[in-house]
Amino acid sequence: MTLSVVTPMYNEREAVDHFVARLRPVLDRLDEPYEVVAVDDGSSDATVARLMQLKTDWPELRIVALRRNVGHQTALRAGLLAARGDYVVSIDADLQDPPETISEMLAAAREQNVDVVYGVRCDRSTDTAFKRNTAGAYYWMMRKLIGPWVSDQAGDFRLMSRAVVDVLNALPEPRPVYRLVVPSLGFAGAEVPYVREERVAGTTKYPLSRMIRLTFDSITGFSASPLRIATWLGLLSFVLCLGLIVTTLVAWGSGATVPGWSSLFIAVLLLGGIQLICLGLLGEYVGRIYAATQKRPPFLVALDTARLDAARPATVHPPAAETTLDPDQFAVSA
Ligand code: UDP
Ligand code: MG
């Protein structure tokens, strides 16, 4: 199979018809074997039911339903593990990533002989100002912490070769942040620009809390520098305290001891605050180590239509109702 298109979907009932209507012609035009892996991330609406209906007249559509909502990146992981294509494209289901770009990506991968083709947003004007600013801050911080190779315009719309996907699937990390992991692997890459469109229907599934979680995963997954910052904060406050001790001793020696309530209070609060921040930082890492040692499965697959298709006896194809007999055929042998 040449191509797998992996699409995580969470409560995308309103968007799914638009998505399929635009994706299918693009893929059919490629004239190569493909599959679309729609990963249902534990939707509570009728996404799966609608996908099952759509599958009846689009056999290339494959549905992998997860048992519960595990988040975009983990749903993507489930899709990458399920994908069987020589090339795998990950794309959002809300048509913010234009499906037409997929054929450009495939052509670029072949012509330039690269393993990754990044979809690079050349225009985000349809995103809200809040989204653009938070995304800007996120990528700025990641570049500072992780390295200059983090592109500020590359999200999760990209094409990867089988070699890349195999490396990703073998990662022991429970929650890899793909948009950072993929460029960090160092595979040869190319870029294809695209215009970020507006969400076709429904609402964003990335509220602030999820963005914060992605940020924490991104930082702790790549860098221990926050811990180093904590050490520097500790050193700084230690030096400040030394200064305070000297001042206090001098004041005491010269008999100028004042009540000093304010300075004491500030010092206690400041130190307490810094210590709590550092403890929290440490906790973030310890929590992740703990989760990693538990080795729980990050997701469970409830349904994979590819397995159903494989298990179905061959005699069912084509369906009996559609079989037409040609009387002439029998006439010859009779
Ligand atoms: N998504 C998912 N699980 C989640 C949240 C989102 O699979 O818990 C999917 C969602 O259906 C969409 C993609 O991830 O296909 C990107 O989400 P969304 O468009 O809501 O994010 P935004 O574009 O607003 O950042
Ligand atoms: Mg979106």
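## A nonpolar patch and the helix beneath

In this predicted model, the side chains of F238, V239, L242, I245, L249 and W252 make a nonpolar surface patch of about 670 Å². One of these residues, W252, belongs to helix α9, which covers residues 225-253. W252 counts as exposed because its relative accessibility is 63%, and exposed here stands for values over 50%.

## Regions annotated in UniProt

An unreviewed UniProt entry carries the annotation "transmembrane region" for residues 229-252 and 264-286. In the model, residues 229-252 are 100% helix and 0% strand, with the C-alpha atoms at the two ends lying 34 Å apart. Residues 264-286 are likewise 100% helix and 0% strand, and their end C-alpha atoms are separated by 32 Å.

The unreviewed UniProt entry also gives the annotation "domain: Glycosyltransferase 2-like", which covers residues 4-166. Over this span the chain is 44% helix and 24% strand, and the C-alpha atoms of its end residues lie 14 Å apart.

## The magnesium ion

Which residues are the protein donors of the magnesium ion, ligand 2? They are D94, through OD, and Q96, through OE1, and these donors lie 1.9 to 2.1 Å from the ion. Both D94 and Q96 are buried. D94 also takes part in a network of salt bridges, which is described further below together with the other charged pairs.

## Surroundings of H72

H72 is part of helix α3, which runs over residues 72-82. Is H72 buried or exposed? H72 counts as buried, because its relative accessibility is 17% and the term buried applies under 20%. When neighbours within four places in sequence are left aside, the residues in contact with H72 are P8, D41, D92, D156, R179 and Y206.

## Charged pairs

Side chains of opposite charge can pair when their charged atoms come close. Across the whole structure, a search finds 20 salt bridges. Among them is the pair of E100 and R22, whose side chains meet at 2.8 Å, taken from N to O. E100 sits in the loop between β4 (87-90) and α4 (101-111), while R22 sits in helix α1 (residues 13-30), so this salt bridge ties together parts of the chain that are 78 residues apart in sequence. E100 is partly exposed, with a relative accessible area of 31%, and R22 also counts as partly exposed, at 24% relative accessibility.

A further salt bridge is formed by E35 and R62, whose closest N and O atoms are 3.0 Å apart. This pair links distant parts of the chain, as E35 lies in strand β2 (residues 34-40) and R62 in strand β3 (residues 61-66), 27 residues apart. E35 is buried, because its relative accessible area is 2%, and R62 is buried with a relative accessible area of 7%.

## D156, R179 and a shared network

Two of the residues in contact with H72, namely D156 and R179, also form a salt bridge with each other, in which the closest N and O atoms are 2.9 Å apart. Because D156 lies in strand β6 (residues 154-161) and R179 in helix α7 (residues 178-185), the pair ties together parts that are 23 residues apart in sequence. Both residues, D156 and R179, are buried. Elsewhere, salt bridges that share partners join E12, D94, R199 and K205 into one network, and D94 in this network is also a donor of the magnesium ion.

## Backbone details and a separation

Two asparagines have a backbone feature that deserves a note. N11, although it is not a glycine, has a positive phi of about 50 degrees, and its place is in the loop between β1 (3-9) and α1. N11 counts as partly exposed, at 23% relative accessibility. N113, again a residue other than glycine, has a positive phi near 50 degrees and is placed in the loop between α4 and β5 (116-123). With 67% relative accessibility, N113 counts as exposed.

Finally, Q53 is found in helix α2, which covers residues 47-55, and is partly exposed, with a relative accessible area of 48%. How far apart are the C-alpha atoms of Q53 and Q73, which are 20 residues apart along the chain? The C-alpha atoms of Q53 and Q73 are separated by 26 Å.

Notes. Residues are numbered from 1 along each chain as its sequence is written. Chains are lettered from A and ligands numbered from 1 in the order in which they are written. This is a predicted model: local features need pLDDT of at least 70, side-chain atom pairs count only at pLDDT 80 or more; totals for chains, interfaces and linings use all residues. Side-chain values use heavy atoms; hydrogens and water are left out. Patches are made of residues with over 30% relative accessible area and no salt bridge: like charges are joined within 9 Å, nonpolar side chains (Val, Leu, Ile, Met, Phe, Trp, Tyr) within 5 Å. Accessible areas come from the Shrake-Rupley method with a 1.4 Å probe; for residues, only the protein chains shown count as cover. A salt bridge is a side-chain nitrogen of Lys or Arg within 4 Å of a carboxyl oxygen of Asp or Glu. Helices (H or I, at least four residues) and strands (E, at least two) are DSSP runs, numbered from the N terminus. Buried means under 20% relative accessible area, exposed over 50%, partly exposed in between (1.4 Å probe, protein chains only). Contact means heavy atoms within 4.5 Å. UniProt positions are given in the numbering used here, feature names are shortened, and annotations may be inferred rather than shown by experiment. Donors are N, O and S atoms within 2.8 Å of the metal (3.2 Å for Na, K and Ca); water is not among the atoms, so sites may look incomplete.
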